[in-house]
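Welcome, and thanks for taking a look at this one. Please have the viewer ready, and we will walk through it together.

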Amino acid sequence: PPAPPPAPPSGQRSQALLVAAVVFLALMVGGVGAAVLLTQGEDDPSPSTNAANTGGEPTTPATPGTSTAELPAAGNGEEDTTPAPEPSGPSRAEEIEEVLTDYYAAVKSGDYDSAWELLSPSYKEWKEGEGGYAKWQTQEERNFRWLRPNDLTVDVREYDPSTRIATIYVSGMTYKRPGNALCDYVGITWARRFGGRWYYDQGYVQRAERAAEWRPRATETLGYACEVDGY
């Protein structure tokens, strides 16, 4: 067999080993540095780094499993307790006020039939045993002559859902009988709801429990100060 090549001189062999060691150490140091940089880039995104990369304000990552829509809005952290808007539509007082306004406008124009239709069914039923339509009209003829509806307003004082009766305070009308001073025609009276509509349920005499409470307080009822016989 052919003879092996001659070994390099000892000086050249030592220099080659030194170069190999330096290259190996350089690769090792470079690998560790790159690993550290990669680790920082993946696990430790600082706000300043984010701001620099995006050109905006530093951002804070959301908690895992929480979308940005679920994060609380900026503020004092308190719950918003602003009440929702109330449903639109006329109030109970406004509805009753319209009925009484139409009633006294019909009386003042002498249209007693239209006024009669605005009275509650229970009142008309009771009135049939107390002289009926004719007696009621005689009573209202005084209002036809001397009552001035003016700016009638209604304030609901009580409401009984079991009977659907509202106790109301009426103001804004005046009464002028010849020879007497101008009188404020104000006081308590009643309205009652039937079939989804309000009706005038005037006077306290028609219902026993109402009469028991209000006969001793008759001076507080509508029109008493202007005509003692009233309703």
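Val156 faces Ile168, a residue of strand 3, across a strand pairing. This is a predicted model, and strand 3 makes a handy starting point for a tour of it. From there we can move on to the nonpolar cores and to helix 6.

**Strand 3 and its partners**

- Strand 2 (residues 153-160) runs antiparallel to strand 3, and 7 bridges join the two.
- These two strands make a hairpin with 4 residues between them, and Arg164 in the turn has a positive phi of about 60 degrees.
- Strand 4 also runs antiparallel to strand 3, with 9 bridges joining them; here Thr167 is opposite Trp190 of strand 4.
- Strand 1 (residues 147-148) pairs with strand 3 over 2 bridges, again in the antiparallel sense.
- Within that part of the sheet, Leu147 has Tyr175 of strand 3 as its bridge partner.
- How enclosed is strand 3 by the rest of the structure? Of its 11 residues, 8 are buried, so strand 3 is largely enclosed.

**The nonpolar cores**

- The largest nonpolar core contains 30 residues, and Leu100 and Tyr103 have the most contacts inside it.
- At least two residues of this core come from each of helix 3 (92-108), helix 4 (112-117), helix 6 (132-146), strand 3 (165-175), strand 4 (183-194) and strand 5 (197-200).
- Helix 3 is the top contributor to this core, giving 7 residues.
- Leaving aside residues up to four places away in sequence, Leu100 touches Leu152, Val154, Ile168, Val170, Thr189 and Tyr200.
- A second core, separate from that one, has 7 residues, including Ile165, Ile188, Ala211 and Ala218.

**Helix 6**

- Helix 6 is 15 residues in length and spans 23 Å from its first C-alpha to its last, close to the 21 Å expected at 1.5 Å a residue.
- Where is the kink in helix 6 centred? The kink is centred on Gln139 and amounts to about 25 degrees.
- Gln139 is also one of the buried residues of helix 6, together with Gly132, Trp136, Glu140, Arg142, Asn143 and Trp146.
- As a reminder for reading that list, an α-helix has 3.6 residues a turn, so residues three or four places apart point the same way.
- The buried residues of helix 6 pack against helix 3, helix 4, helix 5 (121-128), strand 1, strand 3 and strand 4.

How values were computed:
Residues are numbered from 1 along each chain as its sequence is written. This is a predicted model: local features need pLDDT of at least 70, side-chain atom pairs count only at pLDDT 80 or more; totals for chains, interfaces and linings use all residues. Side-chain values use heavy atoms; hydrogens and water are left out. A nonpolar core is a set of buried Ala, Val, Leu, Ile, Met, Phe, Trp, Tyr and Cys residues joined through side-chain atoms within 4.5 Å. Buried means under 20% relative accessible area, exposed over 50%, partly exposed in between (1.4 Å probe, protein chains only). Contact means heavy atoms within 4.5 Å. Two strands pair if DSSP finds at least two bridges between them. The expected span of a helix is 1.5 Å times one less than its number of residues. The bend at a residue is the angle between axes fitted to the seven residues ending there and the seven starting there.
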